[in-house]
Protein chains: 2
Amino acid sequence: MVRPGGRSARVQEAVHSAVRELQAELGRAELTIPLVAARAGVTPSTIYRRWGDLQELLSDVAVENLRPDTPPRAHGNLAADLRSWAEQFIEEMASPVGRAYIRDALLGAPDGDNAARCSQYAAEQIAVVLARAAERGEGAPGVELVLDRVVAPMMYRILFRPGDLTADYARGLVDGLLDGSAAGR
Amino acid sequence: MVRPGGRSARVQEAVHSAVRELQAELGRAELTIPLVAARAGVTPSTIYRRWGDLQELLSDVAVENLRPDTPPRAHGNLAADLRSWAEQFIEEMASPVGRAYIRDALLGAPDGDNAARCSQYAAEQIAVVLARAAERGEGAPGVELVLDRVVAPMMYRILFRPGDLTADYARGLVDGLLDGSAAGR
DNA sequence: GCCTTAAAGCGAATTATTTGCGTTAGATGC
DNA sequence: GCATCTAACGCAAATAATTCGCTTTAAGGC
């Protein structure tokens, strides 16, 4: 039986909050499960049983932090909408905080769906942008193509390349996609 | 003073081998530093001092495992070479073992260069393919463009999408790149 | 309101990690 | 070669984290 409400929910909320607070106060290096437990007013064994280890817990919190809180801004045409979204995305994700969240999110159980949720968030935002284009009658690529051509390169560089990423790069990816074939497959 | 040779090198070799052996015998879930130390004939504190924690050690081993052992096969033209390389890449990397290595490699210290080395390996292999094309006088895209259009999408899906990746997908990425503009920027 | 039971609390036992200090063996200069 | 220097290792004690059996609590179904 699943018990999503009541005490379980309160514990989860308390633990997540404790992680966020301590992360801000001490940085991740100092985080330990006993410490989080104490701050959350919970016994360590509760966290061990529910999350398994610190990685899993951090992964959960990171995914929550990565959830977009607003729909993408509308600018009247597909190119502007996509550019704007990609620029904001790269700015958030390539920042030290963003990189840390992404890493943490990936750190969760490989068979879990934390990483998939991250991709899902991006896909949903892109779908909104593309739906607006369709309403206006603009030819637009599919969500998958935007993921391949815009999101994937940004993520690849964030994860595998140390250097910094600029909004220019994000804009270039969008332009490269839209120039080629406005009405993608 | 750095001491790459002698005892240090032997210890590193012994520890790495121990990790590989135990990973194969017990799986990663059962791996602990004391266990690795015992197998390597080394005291745990040696590992703690040199690597810090299990993540860092696994990351080192993973990067080593990800190093390509042979240059990309040559087939006489750019399209065939790239396709062949991408197919082999996705086959190795999207497998359960490959996915695990990639995750482990990324898990190392964010300011370390383990992740960058992975990207470096791919870039070098691609550079070889592109150099062959140049020798033949074929127009060819730059390494960065191949990373963006071929490697990044594969990696993105490996990391963020649970489903399976096929050689067809890899081939499609290569074809999409070469169709657009044979003489890329 | 009374069961049932998933989830939390508690504490002891186990295991991992840190740390100070002595020792070993590559490296360097003569 | 030989003496010297010192980074890296070994050892062991102290500390901290993790596991586990058992008890208690409270959410959800009747």
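**View 1. Arg157(A) in helix H8 of chain A.** In this predicted model, Arg157(A) is part of helix H8, which spans residues 143-160 of chain A; helices are DSSP runs of H or I with at least four residues, numbered from the N terminus. Arg157(A) has a relative accessible area of 9% and is therefore buried (under 20% relative accessible area, with a 1.4 Å probe and protein chains only). Residues up to four places away in sequence being set aside, Arg157(A) touches Arg99(A), Leu165(A) and Tyr169(A), and from chain B Glu144(B) and Asp148(B); contact means heavy atoms within 4.5 Å.

**View 2. The largest nonpolar core.** This core holds 85 residues; a nonpolar core is a set of buried Ala, Val, Leu, Ile, Met, Phe, Trp, Tyr and Cys residues joined through side-chain atoms within 4.5 Å. The members that touch the most others are Ile102, Met154 and Phe160 of chain A and Ile102, Met154 and Phe160 of chain B. Beyond its neighbours within four places in sequence, Ile102(B) contacts Phe160(A) as well as Leu66(B), Met93(B), Met155(B), Ile158(B) and Leu159(B).

**View 3. The protein surface near DNA strand D.** Around DNA strand D there are 23 residues, a residue being near if one of its heavy atoms lies within 4 Å. Arg7(A), Tyr48(A), Arg49(A), Thr46(B) and Arg50(B) come nearest. Of the strand D atoms within 4 Å of the protein, 66% belong to sugar or phosphate and the rest to bases. H3(B) gives the most to this surface, with 4 residues.

**View 4. Polar contacts to DNA strand D.** The polar contacts shown are pairs of N or O atoms within 3.5 Å. A polar side-chain atom of Thr46(B) is 2.6 Å from a phosphate oxygen of DNA strand D, and a side-chain N or O atom of Arg10(A) is 3.4 Å from a phosphate oxygen. For Arg49(B), a side-chain N or O atom lies 2.9 Å from a base oxygen of the strand.

**View 5. The relation between chains A and B.** Chain B superposes on chain A by a rotation of 180° with 0.0 Å of shift along the axis, at an RMSD of 0.1 Å; the fit is by least squares on C-alpha atoms of residues with pLDDT of at least 70 in both copies. The two copies are thus related as by a two-fold rotation axis. In chain B, the C-alpha of Ala152(B) is nearest the axis, at 2.7 Å.

**Conventions.** Residues are numbered from 1 along each chain as its sequence is written, and chains are lettered from A and ligands numbered from 1 in the order written. Local features need pLDDT of at least 70 and side-chain atom pairs pLDDT 80 or more, whereas totals for chains, interfaces and linings use all residues, and side-chain values use heavy atoms, without hydrogens and water.

How values were computed:
Helix = DSSP H or I, 4+ residues; strand = E, 2+ residues; numbered from the N terminus. Buried < 20%, exposed > 50% of the residue type's maximum accessible area, 1.4 Å probe, protein only. Polar contact = N/O pair within 3.5 Å; in protein donor to acceptor, adjacent residues only side chain to side chain.
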